[in-house]
Amino acid sequence: LPHKAVIALVDGKKFEMFRNIGNEASPELAEMAPPKLDEHNKGAGAHHYSSSGNPTCHLLDEYAHAAAVAQWLNSQVLGHKIETLVVIAAPRTLGELRRHYHKQLEQALLGELSKDLNGRSGPEIIAALRSK
């Protein structure tokens, strides 16, 4: 995990971010302030999940949240504010995030972990990444 790498923790409702303030050999995660997201796009990706009718409001909220997170992360990578990124997300959320990744975000992406780690401490996150 390079110095200044950003780790995004995402589930269907929450978005937390950490930055590695340590070095590659001894990473140390510092929590970053969460951004304000525009989650009004309730139709984000919903047409792909309507096998048995329309998705529930709960799923639409999850998809809108994931789309808003991806849009924000894309803007940060395109604006050169995030150079290296790790995404840790609940499985369904990770699938939706991937649908919205910009090509440059994909290039900045060091890795992904399909796991819900929101609310965990820096050492717990590093341990989960190491066990991957």
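These notebook entries record what I looked up in a predicted model.

**Entry 1. Nonpolar cores**

I began with the largest nonpolar core, which holds 20 residues. I noted the members that touch the most others: Val-10, Phe-15, Leu-73, Ile-82, Leu-85, Val-87 and Leu-97. I then traced the elements behind this core and found that β1 (6-10), β2 (15-20), α1, β4 (85-89), α2 (91-100) and α3 each supply at least two residues. Helix α1 gives the largest share, six residues. I also recorded a second, separate core of eleven residues, with Phe-18, Leu-113, Ile-126 and Ala-128 among them. For context, I note that nonpolar side chains in soluble globular proteins tend to be buried together.

**Entry 2. Phe-15**

I next listed the contacts of Phe-15, not counting residues up to four places away in sequence. Phe-15 touches Ala-8, Leu-9 and Val-10, as well as Pro-34, Pro-35 and Leu-37. The list continues with His-65, Val-69, Trp-72, Leu-73 and Asn-118.

**Entry 3. Leu-105 and Asn-74**

I turned to Leu-105, which is placed in helix α3 (residues 103-108). Is Leu-105 buried or exposed? Its relative accessibility is 0%, so I entered Leu-105 as buried. Leaving aside neighbours within four places in sequence, I found Leu-105 in contact with Leu-73, Asn-74, Val-77 and Leu-85. I also checked Leu-105 against Ala-70: the two are 35 residues apart in sequence, and their C-alpha atoms are 9.1 Å apart in space.

From there I followed the contact to Asn-74, which lies in helix α1 (residues 57-78). I entered Asn-74 as buried because its relative accessible area is 11%, which is under the 20% limit. With neighbours within four places in sequence left aside, Asn-74 is in contact with His-100, Tyr-101, His-102 and Leu-105.

**Entry 4. The largest pocket**

I closed with the largest pocket, for which I recorded about 210 Å³ of space. Which residues lie nearest its centre? Of the 13 lining residues, I noted Leu-1, Val-86, Ile-126, Leu-129 and Arg-130 in that position. Ile-126 had already appeared in my entry on the second core.

I then asked which elements build the lining, and found that β5 (109-114) and α4 (122-131) each supply at least two residues. Strand β5 contributes the largest share, four residues. Sorted by class, the lining has eight nonpolar residues, four charged and one polar.

Note on methods: Residues numbered from 1 in each chain as written. Predicted model: local features only at pLDDT ≥ 70, side-chain atom pairs only at ≥ 80, totals over all residues. Heavy atoms only, no water. Buried < 20%, exposed > 50% of the residue type's maximum accessible area, 1.4 Å probe, protein only. Contact = heavy atoms within 4.5 Å. 1 Å grid on protein atoms, 1.4 Å probe; cavity = no way out; pocket = protein on both sides within 12 Å on 5 of 7 lines; lining within 4 Å. Points joined across faces, edges and corners; volume = space filled by probe spheres on them. Nonpolar A, V, L, I, M, F, W, Y, C, P; charged D, E, K, R; others polar. Core = buried A, V, L, I, M, F, W, Y, C linked by side-chain atoms within 4.5 Å.
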